[in-house]
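Subject: Structure for your files

Hello,

Here is the structure we talked about, followed by notes on what was found in it. Please read the notes with the structure open.

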Amino acid sequence: MPPMKLEDLNKKLRELAVAHKMCETVAAEWNTVWKKDKLIQVFLKNLDFYFDTRFITTDIMVSEFGHTMLRSVGISADDEYSFLNPKRTLVLGRSNSKVRINARNVSEVYVADVSYADIIVKGNAFVLIHAYDKANIRVTAKDNANATVLRHSVYAQIKTEGSVKVRSSLNP
């Protein structure tokens, strides 16, 4: 299916977001047609809203933005891709990704849906990993690196090696 016209894409995404009770401040700003890069930046600034509502599917992400644009901002959606020292990465849908963080880099990684992520942390790097849904994650920390995994789902599969802490963010 070919991508929608920019006006139609804005209308569809705004309708989906408003239906899921998007923040009124963002809704008020979204009264013009935003370019695709602006749409992605707004999405990235509102990740809590996305993970609470899943108002946009990975199918829409891929068909409307394409893998190249998504990868350029650290998103792997139904994709197989490797990231090196990203500030923030999202591994979504049915992705199979490798994320490497080394030296003194700091990173935040979100893994959701049924994605697999192999995360390798070296040197003096630090990574905070969010595990949602049925995510399957392998985290390896070497040298003086530190990694913390926040489990947001009882179904997330987490395997660790080295200095990795796993914490639950589930409500009792």
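Arg71 and Asp79 form a salt bridge (a side-chain nitrogen of Lys or Arg within 4 Å of a carboxyl oxygen of Asp or Glu), with 2.7 Å between the closest N and O atoms. Arg71 is partly exposed, at a relative accessible area of 26%, whereas Asp79 is buried, at 9%. Here buried means under 20% relative accessible area, exposed means over 50%, and partly exposed is in between, with a 1.4 Å probe and protein chains only.

Before the rest, the ground rules. This is a predicted model, in which local features need pLDDT of at least 70 and side-chain atom pairs count only at pLDDT 80 or more, while totals for chains, interfaces and linings use all residues. Residues are numbered from 1 along each chain as its sequence is written, and side-chain values use heavy atoms, with hydrogens and water left out.

Overall fold

The secondary structure of the chain consists of five helices and eleven strands. Helices (H or I, at least four residues) and strands (E, at least two) are DSSP runs, numbered from the N terminus. The radius of gyration of the chain is 17 Å, which agrees with the value near 16 Å for a compact globule of 172 residues. That radius is taken over C-alpha atoms, and the globule rule is 2.2 Å times the number of residues to the power 0.38. Along the principal axes, the C-alpha atoms fill a box of roughly 50 × 35 × 25 Å.

Of the 172 residues, 42% count as buried. The accessible surface is about 9500 Å², and carbon and sulfur atoms make up 49% of it; such areas come from the Shrake-Rupley method with a 1.4 Å probe, and for residues only the protein chains shown count as cover. Among contacts (heavy atoms within 4.5 Å) with a separation of 6 or more, 24% are between residues 24 or more positions apart.

Helix 3

Helix 3 covers residues 36-45, and its buried residues are Leu39, Ile40, Val42, Phe43 and Leu44. These buried residues pack against helix 1 (6-19), helix 2 (24-29), helix 4 (47-53), helix 5, strand 1 (75-77) and strand 3 (88-92).

Charges and salt bridges

The chain has 25 positive and 19 negative side chains, and the centres of the two sets lie 5 Å apart. Lys and Arg count as positive and Asp and Glu as negative, with His and the chain ends not counted; the place of a charge is NZ of Lys, CZ of Arg, CG of Asp or CD of Glu.

Six salt bridges were found in the whole structure. In one of them, Arg54 pairs with Asp133, with the closest N and O atoms 2.8 Å apart. Arg54 is in the loop between helix 4 and helix 5 and Asp133 is in the loop between strand 7 (126-131) and strand 8 (136-141), so the pair ties together parts that are 79 residues apart in sequence. Both residues are partly exposed, Arg54 at 23% relative accessible area and Asp133 at 27%.

Asp118 forms a salt bridge with Lys98, with 3.9 Å between the closest N and O atoms. Asp118 lies in strand 6 (residues 116-121) and Lys98 in strand 4 (residues 96-101), so this pair ties together parts 20 residues apart in sequence. Asp118 is buried, at 6% relative accessible area, and Lys98 is partly exposed, at 31%. Salt bridges that share partners also join Arg54, Asp113 and Asp133 into one network.

What does Glu64 pair with, given that it is buried? Glu64 has no salt bridge, and the nearest side chain of opposite charge, Lys36, is 4.6 Å away. Glu64 lies in helix 5 (residues 58-72). Leaving aside neighbours within four places in sequence, Glu64 is in contact with Pro2, Pro3, Met4, Leu9 and Lys36.

Loops

Two residues that are not glycines have a positive phi: Lys21, at about 65 degrees, and Asp143, at about 60 degrees. Lys21 lies in the loop between helix 1 and helix 2 and is exposed, at 73% relative accessibility. Asp143 lies in the loop between strand 8 and strand 9 (146-151) and is exposed, at 63%.

Asp78 is in the loop between strand 1 and strand 2 (80-84). The C-alpha atoms of Asp78 and Asn96 are separated by 7.9 Å, with their positions 18 residues apart along the chain.

Regards
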